Amino acid sequence: MRRQRQLAIVLNNRELKIAHTLIFTVEEINRDSNLLPGVTLGYRVYNGCGSENLIRAAIEAINGEAAEEQGCKSKILALFGHSSSGVSANINSILRPFSILQMSHLSTCACLSDKKTYPTFFRTVPSDKFQVDALVSLMKFYDWRWVGIIYSVGSYSEKGTEEFAKKAEKEGICVEYRLRFSPSSENVNHIVETLKESSSKVVLLFLSLTYTKDFLVKIEEKNITGKQWIGSEAWITKADIASLKRKGIVQGALGFALPRASIPGLAEFLLNLKPSDEPHSTILKAFWEKFFDCSFSYSNTTNMCDGTEDLRTISNDYANETDFRVVNHIYKAVYSVAHAIHLLLQCKNGSNPITGKECINKKDVQSKQVVEHMKLVNFTTSSGDNVFFDENGDSGAKYDLVNWQMKDDGSVKIVNIAQYDSSLPESLKFNVKTDAQITWGGNYNKVPRSVCREPCPPGTRKAVNKNKPVCCFDCLECPEGMISNSTDSPDCLICPAEFWPNEKKSRCLQKPTEYLSYKELMGTLLTIFSCVGVFLSLLTSIIFLTHKETPIVKANNSELSFLLLFSLKLCFLCSLTFIGRPSEWSCMLRHTAFGITFVLCISCVLGKTIVVLMAFRATLPGSNMMKWFGPFQQRLSVLAFTLIQVLICIIWLCTKPPFPKKNMQYYKERIVLECALGSSIGFWAVLGYIGLLALLCFVLAFLARKLPDNFNEAKMITFSMLIFCAVWIAFIPAYVSSPGKFTVAVEIFAILASSFGLLICIFIPKCYIIIFKPERNSKKHVMGKIPPKTL
């Protein structure tokens, strides 16, 4: 009883299923008259538990121990196993010096692909390198960039974790933590605390089946929530580890499993097994007692076994007639060796048609030769699997991505949701079923997000933080004038000169153009004032025209007055040329029209001033000065002064005329449309000439301010020219310092202010007398014979 209890502790249903699949496959090959005609394969099955059994198997393989099988001697050409990667590595270290083939159906450690260290090792199960590639593809597909790993001791877990971390780093996936699991309470508490405090939502549980069971037992009461568990191939299809207590942990787990397979006849062979088939096998009897909870020896506490119990009535790994994920690889392994021997024994015209070497007698076949021909194996199984081996002794990798969907009773339904095929192009290797219904872990109802930092949105650039993993980058806002138009952009791009970033700095937009427009408030107000000036000038002209025969109009040199009013209208109107979108013609017109009309205006004022001086001198006895500045001379002086300005403008326009310009210096985010001066000398020459005439006019008027005159003509001209000069002196610094469209506004304001100053000072007092004080519009008042009344 004690021996049976000890055996029960180490019995592994999966290994029993593997052993009998091997037997089934060998018998199937022996029945095939085409594959190895005249050759019968034999087998020996060893208990793989314990170092003594492993050493015994390896030594027998080395010695080529003979066994009497139906009167024939046999030699060991290949050794199948072990399921554990670490054990397989130890076995191959014994077999390697003797070139004995080792075929594995379940040892997945990538380290076994090293042909220098393990030259005779081949396997039909995919290397963990492919599993790691598949896991990384899974992480990339769901954009999980921040993951944790829990692993255990042993080649499978340690090497797999190391390879995953390296591959993940190359693909921009960061590992937040790597925790080694051991059953001690201190270790478990540390893992639990790390899981609760970590920010990663995805946890890769890279453990062997035994350690996975221990791990789940330890944490099932620890209330670990909010995690999406990713399982390794070693345990992800083991539905028996699910329970109601573990539902909060393993619900929605994902992982890559060996693909499902169909092996005709195998299920019936396995389920027809009876202890009587192997009467000397104590291990089979121990399994039988475990399966049916009975005993072949008398016991008061258990039922008696009679050996006729039906395996179809139990539910475990061995009796599962639909799960051939693992045993399919021992099936392919046995067939691979058979095909290698088949290739080795080919003979045509005295030589092997495949290798060109001399034919070999089937009695002289050596394991070394089988190893060499394993590299040439390429066949397809009855279920459609293509079997071949690369230079590392690895076969092609195919996986099913499975999803754990828990039921209310704690059982689990393992659902295939995707496939991974390493033989396909990179973009096609990982293929998720379009109709897959996926249950997510951590009580998530959609794909969980697991990133250390959300991707940098457009408008920012991705900057590596030297103190953190590469996934925990910083997102820095693009500097002024620069954009990034993609997620996680490493650099910001400078917008072209005429473009500027939008508010989010995600794209460049055409800069808005700015100019003094009629539609904006400032443009509208200036336009109104210009129109008011024109209206007042026109109204004054009408008043003067209707009263042109009155003494006050005649006394004020009506010809020069009408010409001055005309020039003032032009001054008010020329200000309108400064408003609106600049064009080539408007730029040339606005400055030349302004210069010429103002010279015309100042010339008329200068003429009136000279007339006042001449009129006073003419009243002196013996004076004859008025003949030197009569109407003809007045017209000629106005024309001469104006023609000089016209000449300056022509020279300016012919050399470097004003032109429309996009000014991007004042504002970075918008373009100011303005008229460039072309030649600064031309512009300042026009202003300087106007200033010179204005100063001359002011000086003459100032000298005549105290001359006897009932209507203070000289004083009014003095005031008007004082205003004019003050406006244009203030204009110069304001013009130079004003940005953009305000430069134009300052220029228009100067034109309007100086024009209104001339109109108001020179004409409004006279209009007041004509309209409201007609009694003073007489020859006596004009001649000064009636002194003005004082208030």
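Is the crossing of helices H14 and H21 left-handed or right-handed? In this predicted model, the crossing of the two is left-handed. A pair of packed helices can be described by the angle between their axes and the distance between those axes. For helix H14 (residues 521–546) and helix H21 (residues 741–772), the angle is about 25° and the axes lie 10 Å apart. H14 therefore counts as roughly parallel to H21, because angles under 35 degrees fall in that class. On the H14 side, the residues that meet H21 include Met522, Leu526, Phe529, Val532, Gly533, Leu536, Ile543 and Phe544. Among their counterparts in H21 are Phe742, Ala745, Ile748, Leu752, Phe756, Leu759, Phe763 and Ile770.

A second pair of helices offers a helpful contrast to look at in the structure. Helix H12 (residues 327–344) packs against helix H13 (residues 367–374) at an angle of about 100°, and their axes are 8 Å apart. Because angles of 65 to 115 degrees count as roughly perpendicular, H12 is roughly perpendicular to H13. Here H12 contributes Ser336, Val337, Ala340, Ile341, Leu343 and Leu344 to the contact, while H13 contributes Gln369, Val370, His373 and Met374.

Turning to the strands, a good place to begin is strand E2 (residues 101–104), which is covered on both faces. Leu101 and Met103 are buried on one side, and Gln102 and Ser104 are buried on the other. Strand E1 (residues 78–80) runs parallel to E2 and is joined to it by three bridges; within this pairing, leucine 79 has glutamine 102 as its bridge partner. To get from E1 to E2, the chain passes through helix H4 (residues 85–95), making a β-α-β crossover that is right-handed. E2 is also joined by three bridges to strand E3 (residues 121–123), again in the parallel sense. In that pairing, methionine 103 of E2 stands opposite phenylalanine 122.

Antiparallel pairing can be followed along strand E14 (residues 412–421). This strand is mostly covered, with eight of its ten residues buried. Nine bridges pair E14 with strand E13 (residues 398–406) in the antiparallel sense, and one of the bridge partnerships links lysine 398 to aspartate 421. E13 and E14 form a hairpin with five residues between them. In the turn, glycine 410 has a positive phi of about 90°. E14 pairs with strand E15 (residues 430–432) as well, in the antiparallel sense and over three bridges; alanine 418 has valine 432 as its bridge partner there.

Another group of strands lies further along the sequence. Three strands form an open sheet in the order E22-E24-E23, and the pairing is mixed. Strand E22 (513–514) and strand E23 (659–663) are the edge strands, each pairing on one side only. E23 pairs with strand E24 (residues 671–676) over five bridges in the antiparallel sense, and proline 660 has cysteine 675 in E24 as its bridge partner.

Finally, a single residue can be picked out. Serine 157 is part of helix H6 (residues 155–170). Its relative accessible area is 1%, so serine 157 is buried, the cut-off being under 20%. Setting aside neighbours within four places in sequence, serine 157 is in contact with Tyr151, Ser152, Phe206 and Leu207.

Notes. Residues are numbered from 1 along each chain as its sequence is written. This is a predicted model: local features need pLDDT of at least 70, side-chain atom pairs count only at pLDDT 80 or more; totals for chains, interfaces and linings use all residues. Side-chain values use heavy atoms; hydrogens and water are left out. Two strands pair if DSSP finds at least two bridges between them. Helices (H or I, at least four residues) and strands (E, at least two) are DSSP runs, numbered from the N terminus. Buried means under 20% relative accessible area, exposed over 50%, partly exposed in between (1.4 Å probe, protein chains only). A crossover is right-handed if, with the strands pointing away from the viewer, the path from the first strand over the helix to the second runs clockwise. Axes are lines fitted to C-alpha atoms, for helices over the stretch in contact, and angles run from 0 to 180 degrees between N-to-C directions. Angles under 35 degrees count as roughly parallel, over 145 as roughly antiparallel, 65 to 115 as roughly perpendicular and the rest as oblique. A crossing is left-handed if the near helix is turned anticlockwise from the far one by less than a right angle, and right-handed if clockwise. Contact means heavy atoms within 4.5 Å.
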